[in-house]
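Colleague: Please take a close look at the strand pairing in this model, and carry on from there to whatever borders on it. I would like one connected account, with the details of backbone geometry and empty space included.

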Amino acid sequence: MEPAGPALRGLRLHLVTWNVGTASPPPDVTSLLQLNSLGPTMDMYVIGLQEVNSRITNFLSDLAFDDPWSIFFMTVLSPLGYIKLSSVRMQGLLLLIFVKHVHLPFIRDIHTHYTRTGLYGYWGNKGGVTIRMSLYGHTVCFINCHLPAHMENTEQRLDDFEKILEMQFEGENIPSTLDHDILFWFGDLNFRIADYGIHFVRESINNKRYNLLWEKDQLNMAKKKEAFLQEFIEGPLQFKPTYKFDLYSDVYDTSEKKRKPAWTDRILWRVKNLCQHASKEGEFSEEEQTISVTLNNYISHMSYGISDHKPVTGTFGLELKPLLTDPLITLNPEGEWSAEHDVLIRYSAVPEFPSSAWDWIGLFKVAFRHVNDYVTYAWVEDDEISSNKDSKQIYMSAAEIPDTGGEFLLCYYSNNLQAIVGISQPFQIQPNRTLIEKDLAQEENSWMQTPDNLESHNEF
């Protein structure tokens, strides 16, 4: 009898699409990210924004530093144990991915890409930004799009999406977009409700009879005709059309133009193995299926009014059989760490690990934001002090360790794989008591030297 393979792993993914209309981040995104949900926490957040402020001064500043939206989401999510895994920006299009620390060693081959479709492919105000990765050995791709506006541009929207699907990632052995095991497509897709007049559309919305509008939704209509769209799945549109609203309200456009409401903001997905076997009904057993996607929630969020679009979120369950079960690197701090003395790190690698002289081990605070948010680091080759067939020891100087101590993590960064491939359990670093006592003495002496305290002291 053959041994059982690895058990199915369930991951929870929360995907956001939002045309933010050049606005700054709102005060709170608790409901948008479902942070108060009573269910299990999310394993991954995928956040696709459109119309991020891209005036030249903002854009140049964002190239040199993280943009305000990235900083905002990192500030919200890093204290909860999420790291910004990757991001890609093209003018107003921004795609961010955050994951729980525990998954980092099993996410590899991360690549980003962007495709301009505005002004015949020369301008990035429209197009798509893409991030792909290997997740527990399965290939997953995310495409955030902003497609052309206006009722009459359906064909242009479809042509642009086809062009985005045809893009190729740089690098060897990376599958094309449609060859990924799972492909998520989302964004301000700008499809409108055809034929029906504005009064009928608004009346149907007011009566919550959204189903009356589905058959004239341009994306639904296109899916019946276009073969390349038929493999994409979408949840039911059981929420109000998300465009176009007066700012800071849930009232549809009251301007002179009185634009017709539409479901412009959408989330769709495609599972490759389901597509391959769709024509072989009955031949595809559950045992053969190594990955599946379940939509748990597909909703809009009416309380956010910073732009004329309402954000839309999709919460997904990913069930997969891990093709990777062991991290490439296992690492731990040696002994008790203190800021008062030099310390050692021990790590071991699997035999096939492609090490590099540029690999390094970083010391991170537990609530670190991204891979470059380290406190200090050691080069694995330059700072190696011992080695045997099972493990290696790396030296780190006490001068590099924060005097205040606290809770930290160690992460191994692979230059060849451009990713964190090993992460330790959280551990405590004891503070430097000598320096702390010295600081306290200096503070006490400084307090005694203030005019008020000198006066009260002289009274005695």
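Modeller: Two strands are counted as paired if DSSP finds at least two bridges between them. The model is a predicted one, and everything that follows should be read in that light.

With that criterion, four strands form an open sheet in the order β12-β14-β18-β17, and their pairing is antiparallel. Its edges are held by β12, residues 329–334, and β17, residues 384–387, each of which pairs on one side only. From one strand of this sheet to its neighbour, the average turn is 25°, with direction ignored. At the β17 edge, the antiparallel link to β18, residues 392–396, consists of 3 bridges, and within β18 it is glutamine 393 that serves as the bridge partner of serine 386.

An open sheet of 6 strands, ordered β3-β4-β2-β1-β11-β10, shows mixed pairing. As a general matter, the strands of a sheet pair through backbone hydrogen bonds, in either a parallel or an antiparallel sense. In this sheet, β3 (82–90) and β10 (291–300) each have a single partner strand, so one side of each is left without a neighbour in the sheet. The twist of the 6-stranded sheet averages 15° from one strand to the next. Its edge strand β3 is joined to β4, residues 93–100, by 8 bridges in the antiparallel sense, and along this pairing valine 88 stands opposite leucine 95 of β4. Helix α2, residues 68–77, lies across β1 (9–19), β2 (44–50), β3 and β4, and it runs at about 15° to β4.

The edge strand β3 leads on to the question of empty space. What can be found in general by rolling a probe the size of a water molecule over the atoms is where such space is left. The largest pocket in the model has a volume of about 440 Å³. It is lined by 17 residues, of which Leu85, Ser86, Val371, Tyr413 and Gln418 are the closest to its centre. The elements that contribute two or more residues to this lining are β3, β5 (107–118) and β20 (419–423), with β3 giving the largest share, namely 5 residues. In chemical terms, the lining of the largest pocket consists of 8 nonpolar, 7 polar and 2 charged residues.

Strand β1 of the 6-stranded sheet has a comparable role at the largest cavity, to whose lining it gives the largest share, 3 residues. A search of the whole structure turns up 1 cavity of 30 Å³ or more, and the volume of the largest cavity is about 50 Å³. Its lining is made up of Leu11, Arg12, Leu13, Asp43, Met44, His103, Leu135 and Leu318, which by class gives 5 nonpolar, 1 polar and 2 charged residues.

Some backbone details in the loops also deserve a careful look. Most residues other than glycine have a negative phi, and most peptide bonds are trans. Tyrosine 136, in the loop between β6 (123–135) and β7 (138–146), has a positive phi of about 55° although it is not a glycine. The relative accessible area of tyrosine 136 is 2%, so this residue is classed as buried, the limit for that class being under 20%. Histidine 150, which is found in the loop between β7 and α3 (154–165), also has a positive phi, near 80°, without being a glycine.

The loop between α6 (218–225) and β9 (265–271) contains lysine 244, and the peptide bond that leads from tyrosine 243 to lysine 244 is cis, with omega near 5°. Threonine 242 belongs to the loop between α6 and β9 as well. With a relative accessible area of 0%, threonine 242 is buried. Leaving aside residues up to four places away in sequence, threonine 242 touches Ala262, Trp263, Thr264, Asp265, Ser300, Asp308, His309, Lys310 and Val312. Between threonine 242 and tryptophan 18 the C-alpha to C-alpha distance is 9.7 Å, although the two residues lie 224 residues apart in sequence.

How values were computed
Residues are numbered from 1 along each chain as its sequence is written. This is a predicted model: local features need pLDDT of at least 70, side-chain atom pairs count only at pLDDT 80 or more; totals for chains, interfaces and linings use all residues. Side-chain values use heavy atoms; hydrogens and water are left out. Axes are lines fitted to C-alpha atoms, for helices over the stretch in contact, and angles run from 0 to 180 degrees between N-to-C directions. Contact means heavy atoms within 4.5 Å. Buried means under 20% relative accessible area, exposed over 50%, partly exposed in between (1.4 Å probe, protein chains only). On a 1 Å grid over the protein atoms alone, a cavity is a set of points where a 1.4 Å probe fits but cannot get out, and a pocket is an open set with protein on both sides within 12 Å along at least five of seven lines; lining residues have an atom within 4 Å of a point. Grid points are joined across faces, edges and corners, and a volume is the space filled by probe spheres set on the points. Ala, Val, Leu, Ile, Met, Phe, Trp, Tyr, Cys and Pro count as nonpolar, Asp, Glu, Lys and Arg as charged, and the others, Gly among them, as polar.
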